[in-house]
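Visitor: I'm new to this structure and would rather see one part properly than rush past everything. Could you pick a part, look at it closely with me, and explain the terms as you go?

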Amino acid sequence: MLYTLILGFALFLAGIFAMLTRKNMMKIILGFSIADTGIHIIIVSLGYLKDKTAPIIDSTIKISEATSSVVDPIPSALVLTAIVIGLATTALMLSFVVMMYKKKKSLSINDYQELKC
Amino acid sequence: MINKVLVALALLGLIILIMPIISNFQERTELSELSKKYIEGSINDLKSPNVVTSVIVTYRGLDTLGEVTVLFLATVGVGFLLQKRKKGKSKKDAPENLKTTSSFLAAMIMILGIYIFTHGHLSPGGGFQGGVIIASGFLLLLLSDINMKINHSILQAVESLSGVLYVGLGVIGLILTIGFLNSNILPLGEFGQLFSAGAIPLIYSLIGLKVGSELTNIIETMGGE
């Protein structure tokens with residue numbers, strides 16, 4: 001699926017662009033989420049096989065022809081892992097931002113220069 | 001100005017890295033050897049119709065254990081950063097019809113979640129998806145009633161018990177010398193039945209309970225802010 005691959009890369013680049021240019025920390029996290037989604041679309045589209053169905057062997061698939069009628073199951077499993085970890089890291093980042101906002105009442109990344117030397 | 005040039009350079013470099021992947025892309029027509037082995041093994045050795053589930057729970061079981069650990073660490077981090085403040089009881093009570101309807105709907109949503117994680121080896125879905133649906137039921141309750149309290153000790157007990165039992169099922173495989181987190185520790189049963197595929201439904205239900213309680217914990221701590 002060339003088009004979904006291009007879409008995935010476009011989302012990835014858009015997310016990286018947002019992370020590099022925005023000053024608001026919430027928008028940086030949004031950019032991270034967009035890039036994350038783009039990578040998921042890339043991995044799933046790399047595992048796609050033309051005219052094949054989902055890797056669930058039910059009554060519509062003959063068991064003897066199972067290997068020739070389903071898409072690759074490994075990218076789907078990897079993306080499931082990646083989605084859960086993306087969710088966990090996003091929740092952690094958001095709670096860091098909440099803490100930082102409580103300290104300084106500002107969401108701009110320019111107000112937090114203590115780590116710069 | 002220099003910032004914009006650097007950003008443009010970084011994006012250009014990424015595009016140059018990406019271009020060969022897109023221009024050399026060819027539609028795949030055949031599965032790799034590993035995927036074929038997984039599909040055949042899932043049908044013959046594990047008797048689980050959903051191949052993605054058997055990859056996640058059995059073939060890559062150690063990965064999933066790590067993933068659950070990452071989720072647990074994130075929950076601990078969120079709970080540590082956002083310590084709960086005592087919120088005063090809000091005077092405004094939620095309307096009666098909103099409370100009644102949402103508790104009725106939440107029960108249905110949680111039953112759907114349980115259905116999804118117990119049928120993870122038969123139909124699309126599984127522990128992670130079912131856990132997220134259960135957490136969304138709790139989210140509905142928290143949104144509709146501002147004074148809603150969730151008992152933290154029950155949540156923590158469910159979470160730790162399911163985590164311990166998950167690792168325990170893996171260790172049983174070691175004791176029986178089949179392999180860590182191998183699902184053949186229980187009888188395989190008939191292909192396509194609910195009680196089949198060895199320990200896969202059991203392991204996925206434990207993962208579902210763990211993910212559900214962890215996400216409920218995250219939602220509740222963040223909602224307190």
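Guide: Let's look at the salt bridges, then step out to what surrounds them. A few ground rules: this is a predicted model, where local features need pLDDT of at least 70 and side-chain atom pairs count only at pLDDT 80 or more, while totals for chains, interfaces and linings use all residues. Residues are numbered from 1 along each chain as its sequence is written, chains are lettered from A and ligands numbered from 1 in the order in which they are written, and side-chain values use heavy atoms, leaving out hydrogens and water.

Over all chains, the structure holds two salt bridges. The term means a side-chain nitrogen of Lys or Arg within 4 Å of a carboxyl oxygen of Asp or Glu. One joins Lys210(B) to Glu159(B), at 3.7 Å from N to O. That pair links distant parts of the chain, with Lys210(B) in helix H8 and Glu159(B) in helix H7 of chain B, 51 residues apart. Helices here are DSSP runs (H or I, at least four residues), numbered from the N terminus.

The other bridge joins Lys210(B) to Glu214(B), with their closest N and O atoms 3.3 Å apart. These two are four residues apart in helix H8 of chain B, so about one helical turn separates them. Put together, Glu159(B), Lys210(B) and Glu214(B) form a network of salt bridges.

Are these charged residues buried or exposed? Lys210(B) counts as buried because its relative accessibility is 9%; the word means under 20% relative accessible area, with exposed over 50% and partly exposed in between (1.4 Å probe, protein chains only). Glu159(B) is buried too, at 7%, and Glu214(B) comes out at 0%.

Now for the nonpolar side of the story. A nonpolar core is a set of buried Ala, Val, Leu, Ile, Met, Phe, Trp, Tyr and Cys residues joined through side-chain atoms within 4.5 Å. The largest one has 44 residues, and among those touching the most other members are Tyr166(B), Ile203(B) and Ile207(B). Elements giving two or more residues to this core include H7 and H8 of chain B, along with H3 of chain A. H8(B) gives the most, with eight residues.

Tyr166(B) is worth a pause. Leaving aside neighbours within four places in sequence, Tyr166(B) is in contact (heavy atoms within 4.5 Å) with Ile203(B), Leu206(B) and Ile207(B), among others.

Finally, how do the chains meet? Here 47 residues of chain B are in contact with 44 residues of chain A. Together they bury about 4000 Å², 80% of it on carbon and sulfur atoms; buried area is the accessible area (1.4 Å probe) that two parts lose on being put together, summed over both. On the chain B side, Phe25(B), Arg28(B) and Leu81(B) lose the most area to chain A, together 15% of what that side buries. Between the two chains, the count of salt bridges is zero. Helix H8 (200–223) is one of the helices of chain B that each supply at least two residues to the side touching chain A, but H1(B) gives the most, with eight residues.
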